[in-house]
Amino acid sequence: MGRLCSPLALELLVMTLLQGAQGSWKQAGCGQPRISGRIVGGGDAPRGRWPWQASIQHNGHHFCGGSLISAQWVVSAAHCFQLSDLVSSYRVNLGEYQLSYPSQCRISSPVSQIFVHPDYNSTWKSADIALLRLKQPVQYTNEILPVCLPGPSDSFPDNHTCWVTGWGRIDSEVSLPPPSTLQEVQVQLVGTAACNALYNIDPDPKIGRDPVKPDMFCAGYAEGQRDSCQGDSGGPLACDHNGTWLLMGIVSWGDGCGKPTRPGVYVQTVAYGEWIRGHTGSGSQASTMGNCKSETNDARPCFSSFVLLFTTLLMSL
């Protein structure tokens with residue numbers, strides 16, 4: 001199958017204008033992949049199925065995941081950014097599929113700012129969330145699109161199945177082998193109380209009892225086997241709501257990978273909606289769609305002449 005980076009500028013631009021009129025804080029066009037089609041027990045994801053998936057790079061190497069939530073913002077985990085104080089040492093790659101073979105549609109963007117939540121606690125992993133501002137708004141393609149942030153009333157019941165994606169290890173001591181294809185795995189949601197009950201079975205003294213805090217939830221299975229792992233931190237746990245994907249969780253921590261009674265632990269995105277909006281702004285708009293024909297890996301816009309013409313007509317109204 002060829003690269004699917006076709007322009008969808010008109011549709012997204014109209015949706016963005018409608019979003020502004022309706023005042024919805026869920027960004028227009030988010031959470032709707034254009035291609036149908038740390039992970040333990042999962043498999044290769046189809047190319048383009050998770051277009052918000054980001055590879056966060058430190059000094060040129062993938063080390064954490066993230067999720068594109070608007071044209072200029074990526075959300076990830078706070079603990080990913082304890083490596084260096086130099087913002088210049090980080091980049092965000094979007095449109096990646098196989099890390100060994102960079103996609104023609106990949107955008108590799110410098111980071112201009114990193115906001116680690118002020119309440120982040122490295123011991124208990126509370127408030128394990130961070131925001132990255134890209135130096136330039138990225139151009140959306142079929143393989144680069146934002147995921148929707150849930151609203152305060154968005155929730156899913158325990159045992160609901162969602163998806164986790166990433167390029168992390170496929171077992172506690174096993175790295176994802178080349179060509180390092182993006183992995184996906186379906187997991188069941190486990191509420192805070194139920195997850196603490198599992199973690200309290202033969203508790204690890206280093207973790208203690210009731211380690212899952214109110215701003216967290218778990219996803220996985222009591223028998224283990226399907227889980228996120230090292231290298232997936234900061235990546236998305238996305239749930240389908242009537243055809244629109246919501247970023248319900250951020251990969252945070254776990255006791256090993258895929259172990260029985262130790263499901264992965266995720267930050268509840270809903271708990272930090274106000275903080276996210278406070279930094280990104282509720283009126284953050286999407287970049288228009290465009291072709292992805294260039295081999296260059298930067299975030300410079302390459303708007304089609306049709307989009308420029310349509311924008312000019314709108315401005316003249």
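**Entry 1: the cores**

I started with the largest nonpolar core of this predicted model, which holds 46 residues. Leu-68, Ile-69, Phe-81, Val-92, Leu-94 and Val-138 touch the most other members. Next I looked up where the residues of this core come from. At least two residues each are supplied by β2, β3 (61-70), β4 (73-76), β5 (90-94), β6 (107-116), β7 (130-134), β12 (244-253) and α3 (273-280).

I also found a second core, separate from that one, with 16 residues. Cys-148, Phe-156, Cys-162 and Phe-217 are among them.

**Entry 2: Ile-56**

I picked Ile-56, which lies in strand β2. Is Ile-56 buried or exposed? Its relative accessibility is 0%, and buried means under 20%, so Ile-56 counts as buried. I then checked its distance to Val-92, one of the residues from my first entry that touch the most other core members. The C-alpha atoms of Ile-56 and Val-92 are separated by 4.7 Å, while the two residues are 36 apart along the chain.

**Entry 3: ring pairs**

How many aromatic pairs does the structure hold? I noted nine. One of them joins Trp-50 and Trp-163, with 5.9 Å centre to centre and 40 degrees between the planes, and it is tilted. Trp-50 sits in the loop between β1 (43-44) and β2 (53-58), and Trp-163 in strand β8 (residues 161-166), so this pair ties together parts that are 113 residues apart in sequence. Trp-50 has 5% relative accessibility and counts as buried. Trp-163, at 17%, counts as buried too.

I then turned to Phe-217 and Tyr-266. Why is this pair stacked? The ring centres are 5.9 Å apart and the planes are at 20 degrees; planes under 30 degrees apart count as stacked, so this pair does. Phe-217 belongs to strand β10 (residues 216-220) and Tyr-266 to strand β13 (residues 264-268), so the pair ties together parts 49 residues apart in sequence. Both Phe-217 and Tyr-266 are buried. Phe-217 was already in my notes as a member of the second core.

Back to the Trp residues: ring pairs link Trp-50, Trp-52, Trp-163 and Trp-245 into a cluster.

**Entry 4: charges over rings**

Which residue lies over the face of Trp-163? I found Arg-49 there, at 4.8 Å from the ring centre. I wrote down another case at Trp-124, where the charged end of Lys-213 sits over the ring, 4.9 Å from its centre.

**Entry 5: a cavity**

I looked up the second largest cavity, which has a volume of about 90 Å³. Its lining includes Arg-49 and Trp-50, both familiar by now. The others I listed are Pro-46, Arg-47, Gly-48, Pro-51, Gln-53, Gly-95, Glu-96, Tyr-97, Glu-143 and Leu-182. I sorted the lining by type and got five nonpolar, three polar and four charged residues.

**Entry 6: positive phi in two loops**

Last, I checked backbone angles. Lys-125 has phi near 65 degrees, which is positive in a residue other than glycine. Lys-125 is in the loop between β6 and β7. With 21% relative accessibility, Lys-125 counts as partly exposed.

Asn-242 has a positive phi as well, near 55 degrees, and is also a residue other than glycine. I located Asn-242 in the loop between β11 (236-241) and β12. Is Asn-242 buried or exposed? Its relative accessibility is 74%, and exposed means over 50%, so Asn-242 counts as exposed.

How values were computed. Residues are numbered from 1 along each chain as its sequence is written. This is a predicted model: local features need pLDDT of at least 70, side-chain atom pairs count only at pLDDT 80 or more; totals for chains, interfaces and linings use all residues. Side-chain values use heavy atoms; hydrogens and water are left out. On a 1 Å grid over the protein atoms alone, a cavity is a set of points where a 1.4 Å probe fits but cannot get out, and a pocket is an open set with protein on both sides within 12 Å along at least five of seven lines; lining residues have an atom within 4 Å of a point. Grid points are joined across faces, edges and corners, and a volume is the space filled by probe spheres set on the points. Ala, Val, Leu, Ile, Met, Phe, Trp, Tyr, Cys and Pro count as nonpolar, Asp, Glu, Lys and Arg as charged, and the others, Gly among them, as polar. Rings of Phe, Tyr and Trp (its six-membered ring) pair if their centres lie within 6.5 Å; planes under 30 degrees apart count as stacked, over 60 as edge-to-face and the rest as tilted. Helices (H or I, at least four residues) and strands (E, at least two) are DSSP runs, numbered from the N terminus. Buried means under 20% relative accessible area, exposed over 50%, partly exposed in between (1.4 Å probe, protein chains only). A charge sits over a ring if NZ of Lys or CZ of Arg is within 6 Å of the ring centre and within 35 degrees of the ring normal. A nonpolar core is a set of buried Ala, Val, Leu, Ile, Met, Phe, Trp, Tyr and Cys residues joined through side-chain atoms within 4.5 Å.
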